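Colleague: I would like a close look at a single part of this model, the site around the ligand. Please take it step by step and keep it plain.

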Amino acid sequence: MEKLMIGGGRPLQGVVTISGAKNSAIALIPAAILAESEVVLDNLPSLSDVAVYSEILEELGANVTWSGSQMRIDPSRIVSIPMPNGPVKKLRASYYMMGALLGRFKEATIGLPGGCNFEPRPIDQHIKGFEALGATVTNEHGSIHLYAKELRGAKIYLDVSSVGATINIMLAASRAKGSTIIENAAKEPEIIDVATLLNSMGAVIKGAGTETIRIEGVTEMHGCRHSIIPDRIQAGTYMIAAAATRGNVLIDNVIPKHLEALTAKLLEMGVRIEELDESIRVIGQAKYENADVKALIYPGFPTDLQSPMTSMLTQAEGVSVLSDFVYSNRFKHVPELVRMGAKIRVEGRSAIIEGSKLNAAKVKAADLRAGAALVIAGLTVEEGITEVTGVEYIDRGYDNLVSNLRHLGADVWRESEQIEE
Ligand code: EPU
C-alpha cells in the first residue's frame, strides 16, 4: 500500500493538461461489446478503473490492446459467460456490463458491483429499465441474472435522473426492437459522449443531454473510432487546487461549458478566472468570500466536486454551507479535514464550514473524491507534511496526479505505507 506525502505552502503555477473523462471511459469500453467489429477509443485516461474494465472484456473473449491514451477493442469473439466474481466486483460501473451484454446477447450474469462505498447506491432504476425492455431480472446468490427472449422498445420514466441507469438503458435499447423513450433522463456530458459513440457504431439515439432521449433499436452495430471528452471533474479538482493554494494555473484540454457551475461559484468567492476555447486559467487571490454551494444533478454543481470544494471553503472568510442533494451522506472527508484543523460540522445533507487555517496531519481517503479533498487540503498547509493513505481510491480517478502536481511546483511524493503490527 502506498501513501501520498504533501508538503504544502506552495502556490501551484503552470499548465496542467486534462485527460479523458473516467466516467465516460468506463461506459464507452463496455459499449464496445455491442459492436461486431473493432472500436478504437482515443484520449483514454490511464486509471485503475480503466485497467479493470479491459480485464473484464478480455475475460469475455475480446481482444484489447491498450497503448498510451488509445484502446483498441475487438469484440468480435466475445461471448456472454457468467461473471459472478472477479474483476466485476472491483468496480461499481461494472453495472454497464448488464446493459451491454443484454443488448448484444439478451442474457448476462454479473456479480453485484463494488467501487466507492460512500453510501448505499441502489440500481433499481437500471433494473426497472431492463424489465421495461422485456428482460427478466433475478438476483441469484448476489449476482444479477438478466434474460430476454426478445428486447422490445418501451417508454421508461426514471424516478431519479440517474447517470448509470440512463446509460445502461441506452446500451440495451440500442439493440432492442422498436423505439425506446427515456423520460427524466440524466443530462450529464458523459451521457452525450456515450450516445455519440453508440451513434457512430450505427445506433440511432436522439436527445442525449436533454431529459428526453429517443432510441431506435438496430439489429447490428459496427466498430468506429471515438475520442473521449475531457474529464470535467479532474479539471475542476485542479481549478480548486489552483485557487486554494493561491496559485496561477492554466487548465488545458477542457470544455469550459462543462465547468460553468464551478466557475460561477469560484468567481463568487473572489477567484479570478479566464475562460478560453479549450482551457481555463485560474488565478488565486489572498482572500476569499464565503459561499453557499448546492450539489445537484447536471448542470448544477457536481457532487463529485463537493468534497474538493469543502477544502476550498475552509480557505474562505466566514461561514459557508455546502449541501449535497445527489447523495445524502457523502461526507467521509469531513472528519479527516477536522483532524487537519478545519472547523466543519455536518447537519443532515449539509456541511457547515467555518474558514480556518489547516495544519499537517495523517489522514485517510475513504473514497476517490474524499482523497482529492485531502490532497487539496494538504497543499494549503503552510508547515509540515500531510500524509494521505487510501491512495488506491485516488488512483481510480486521477491519472498522473503526483507528476502533474509536481510539474505545477507542489512538494508531493509517494511512499510505501508501513503496515503497523
Ligand atoms: N439512484 C437510485 N437508483 C438507481 C440509481 C441511482 O436511487 O437505480 C440514486 C443514487 O442513490 C443517487 C442518485 O440517484 O442518489 C444519482 O446516482 P447516479 O445513478 O446518477 O450515479 P451513478 O451513475 O452511480 C455516476 C458517477 C458518479 C457520480 C454520479 C452523479 C459513474 C461510474 N459514476 O454514478 O461518479 O457521482 O454519477 O453524478 O459514472 C465519482 O466519479 O467519484 C463518482 C462517484
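Colleague: Which pocket is the space taken by the ligand? Please also go through the residues and elements around the ligand.

Modeller: The model is predicted, and everything below should be read with that in mind. The ligand takes up the space of the largest pocket.

The shell around the ligand consists of 24 residues. Those that come nearest are Q125, S162, D304, V326 and R369. Sorted by class, the shell has 11 nonpolar residues, six polar ones and seven charged ones.

Several polar contacts can be given with distances. For R369, a polar side-chain atom is 2.7 Å from an oxygen atom of the ligand, and R369 is also one of the residues that come nearest. For R92, an N or O atom of the side chain lies 3.1 Å from a ligand oxygen. P122 takes part through its backbone instead, with a polar atom there 3.3 Å from an oxygen atom of the ligand. As for cover, the ligand on its own has 820 Å² of accessible area, and the protein covers 90% of that.

Next, the elements that supply the shell. Four helices each give at least two residues to it: α1 (22-31), α4 (124-132), α5 (163-174) and α11 (368-380). On the level of domains, both contribute: domain 1 (2-19 + 230-416) and domain 2 (22-227) each provide at least three residues of the shell.

Two backbone details can be added, taken separately from the account of the ligand. The peptide bond between Y298 and P299 is cis, with omega at about 10°. P299 is placed in the loop that runs between β17 (292-295) and α9 (306-313). The other detail concerns N43, which is not a glycine but has a positive phi, near 60°. N43 is found in the loop between β3 (39-42) and α2 (48-59).

To sum up the site: the ligand sits in the largest pocket, with 90% of its accessible area covered by the protein and with shell residues drawn from domain 1 and domain 2.

Note on methods
Residues are numbered from 1 along each chain as its sequence is written. This is a predicted model: local features need pLDDT of at least 70, side-chain atom pairs count only at pLDDT 80 or more; totals for chains, interfaces and linings use all residues. Side-chain values use heavy atoms; hydrogens and water are left out. A residue is near a molecule or strand if one of its heavy atoms lies within 4 Å of it. A polar contact is a pair of N or O atoms within 3.5 Å; within protein, one must be able to donate a hydrogen and the other to accept it, and residues adjacent in sequence count only if both atoms are side-chain atoms. Accessible areas come from the Shrake-Rupley method with a 1.4 Å probe; for residues, only the protein chains shown count as cover. On a 1 Å grid over the protein atoms alone, a cavity is a set of points where a 1.4 Å probe fits but cannot get out, and a pocket is an open set with protein on both sides within 12 Å along at least five of seven lines; lining residues have an atom within 4 Å of a point. A molecule sits in a cavity or pocket if more than half of its atoms lie within 2 Å of its grid points. Ala, Val, Leu, Ile, Met, Phe, Trp, Tyr, Cys and Pro count as nonpolar, Asp, Glu, Lys and Arg as charged, and the others, Gly among them, as polar. Domain bounds come from an automatic or database domain assignment.
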